[in-house]
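Please open the structure in your viewer and keep the selection tool at hand. This tour proceeds by stops, each with something to select and something to notice.

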Amino acid sequence: MKIISLAAHKGGVGKTLLTASLAVLAQQDCETEEGEAGKGKVAMFDLDPQGSLTAWYNARQRDGPILVAPMLRTLSLRLYALNRKGVRYVFIDTPPGHSEYIAKAMNAADLVIVPVRPGELDYAAVQRTMQTVLFWEEPYLALPNAGLFRSRAMGELVRRLDADGQDRLPPVHHRVDLPLRSGLTLTETQPDSAGVSIGAQTGTGIGVQ
Ligand SMILES: Nc1ncnc2c1ncn2[C@@H]1O[C@H](COP(=O)(O)OP(=O)(O)O)[C@@H](O)[C@H]1O
Ligand SMILES: [Mg+2]
């Protein structure tokens with residue numbers, strides 16, 4: 001079982017939307033590989049007390065990953081149980097800020113994904129998150145998110161991450177008309193538009209290796 005935590009000290013960078021989007025993609029991968037047996041093989045934890053991922057889940061009208069009730073104290077026990085049940089991927093959404101939640105989610109993870117939006121303040125905030133992941137000695141990848149397609153700002157962010165030697169996933173561009181409340185994900189709203197390459201991109205980054 002692979003555990004992937006989405007974490008960033010800053011709010012509004014895309015943790016929740018990316019958690020849902022990646023979990024749905026992983027679920028689709030499992031079903032492609034295992035057919036009916038692939039159902040229920042991807043789980044998500046909503047560790048953010050604001051409950052945005054839970055709201056997204058409740059609004060969702062189609063099949064997808066399962067949502068496990070958030071229990072910080074029993075997180076490791078729950079993960080153990082999911083592993084025993086044959087779950088293949090777990091995605092953990094976290095709240096912004098300095099919190100026990102982020103530390104727990106980072107400690108539990110095989111991989112931490114740190115979304116970052118273009119912008120000076122966002123970059124400063126992400127440095128802090130990187131330091132925290134380094135402190136816990138967990139593997140991580142930055143994920144440049146929500147810059148406009150081919151914009152200078154997104155280009156600058158990517159160049160800066162590369163110049164700083166930050167391992168990263170390819171950028172996920174801003175997609176219009178993407179309310180989390182729709183219960184859909186980045187790859188489900190406008191399947192034909194540019195940002196949809198997130199599937200192939202993250203497949204390589206978090207995939208079944
Ligand atoms: N790539 C993207 N394209 C369009 N909207 C996005 C993208 N990433 C995030 N958003 C939007 O930005 C807002 C904040 O995202 P969210 O996932 O809630 O961030 P966080 O969980 O980090 O606070 C949401 O309305 C979400 O739909
Ligand atoms: Mg969130």
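The stops below move from the whole chain to its strands, a helix, its core, the ligand and some single residues.

**Before starting**

The model is predicted: local features need pLDDT of at least 70, side-chain atom pairs count only at pLDDT 80 or more, and totals for chains, interfaces and linings use all residues. Residues are numbered from 1 along each chain as its sequence is written, while chains are lettered from A and ligands numbered from 1 in the order in which they are written.

**The whole chain**

Display the chain as a cartoon; it has 8 helices and 7 strands. These are DSSP runs numbered from the N terminus, with helices (H or I) of at least four residues and strands (E) of at least two. Of the 209 residues, 43% are buried. A residue is buried if 20 or more other C-beta atoms lie within 10 Å of its own, exposed if 12 or fewer, and partly exposed in between, with C-beta atoms placed from the backbone.

**Strand 2**

Select residues 42-46, which form strand 2. Which residues cover its two sides? Val42, Met44 and Asp46 are on one side, Ala43 and Phe45 are on the other, and all are buried. Next, add strand 4 (89-93). Strand 2 and strand 4 pair in the parallel sense over 5 bridges; two strands pair if DSSP finds at least two bridges between them. Here Met44 stands opposite Phe91. Strand 3 (residues 66-68) also pairs with strand 2 in the parallel sense, over 3 bridges, and in strand 3 Met44 faces Leu67.

**Helix 4**

Select residues 100-108, the extent of helix 4. Its buried residues are Tyr101, Ile102, Ala105, Met106 and Ala108. Seen down the helix axis, these fall within an arc of 165° (taken from the directions from the axis to the C-beta atoms), so they line one face of the helix. They pack against several elements, including strand 1 (2-6), helix 3 (75-84) and strand 5 (111-116).

**The nonpolar core**

In soluble globular proteins, nonpolar side chains tend to be buried together. A nonpolar core is a set of buried Ala, Val, Leu, Ile, Met, Phe, Trp, Tyr and Cys residues joined through C-beta atoms within 7 Å. The largest one here has 51 residues, and Val90, Phe91, Ile92, Ala105 and Val114 have the most contacts inside it. Helix 1 gives the most to this core, with 9 residues. Centre the view on Ile92: leaving aside neighbours within four places in sequence, its contacts include Ile3, Phe45 and Ala105. Contact requires C-beta atoms, placed from the backbone, within 7 Å.

**Ligand 1**

Now select ligand 1. It is surrounded by 15 residues (each with its C-beta atom, placed from the backbone, within 6 Å of the ligand). Among the closest are Gly14, Lys15 and Thr16. Helix 1 (15-34) and strand 6 (140-147) each supply at least two residues of this shell. By class, the shell has 6 nonpolar, 7 polar and 2 charged residues; Ala, Val, Leu, Ile, Met, Phe, Trp, Tyr, Cys and Pro count as nonpolar, Asp, Glu, Lys and Arg as charged, and the others, Gly among them, as polar.

**Two backbone angles**

Select Ala146 in strand 6. Its phi is positive, about 70°, although Ala146 is not a glycine. Is this residue buried or exposed? Ala146 is buried, because 24 other C-beta atoms lie within 10 Å. Finish at Arg150, in the loop between strand 6 and helix 6 (152-163). Arg150 also has a positive phi, near 60°, but it counts as exposed, with 9 C-beta neighbours inside 10 Å.

Conventions
Two residues are in contact if their C-beta atoms, placed from the backbone, lie within 7 Å.
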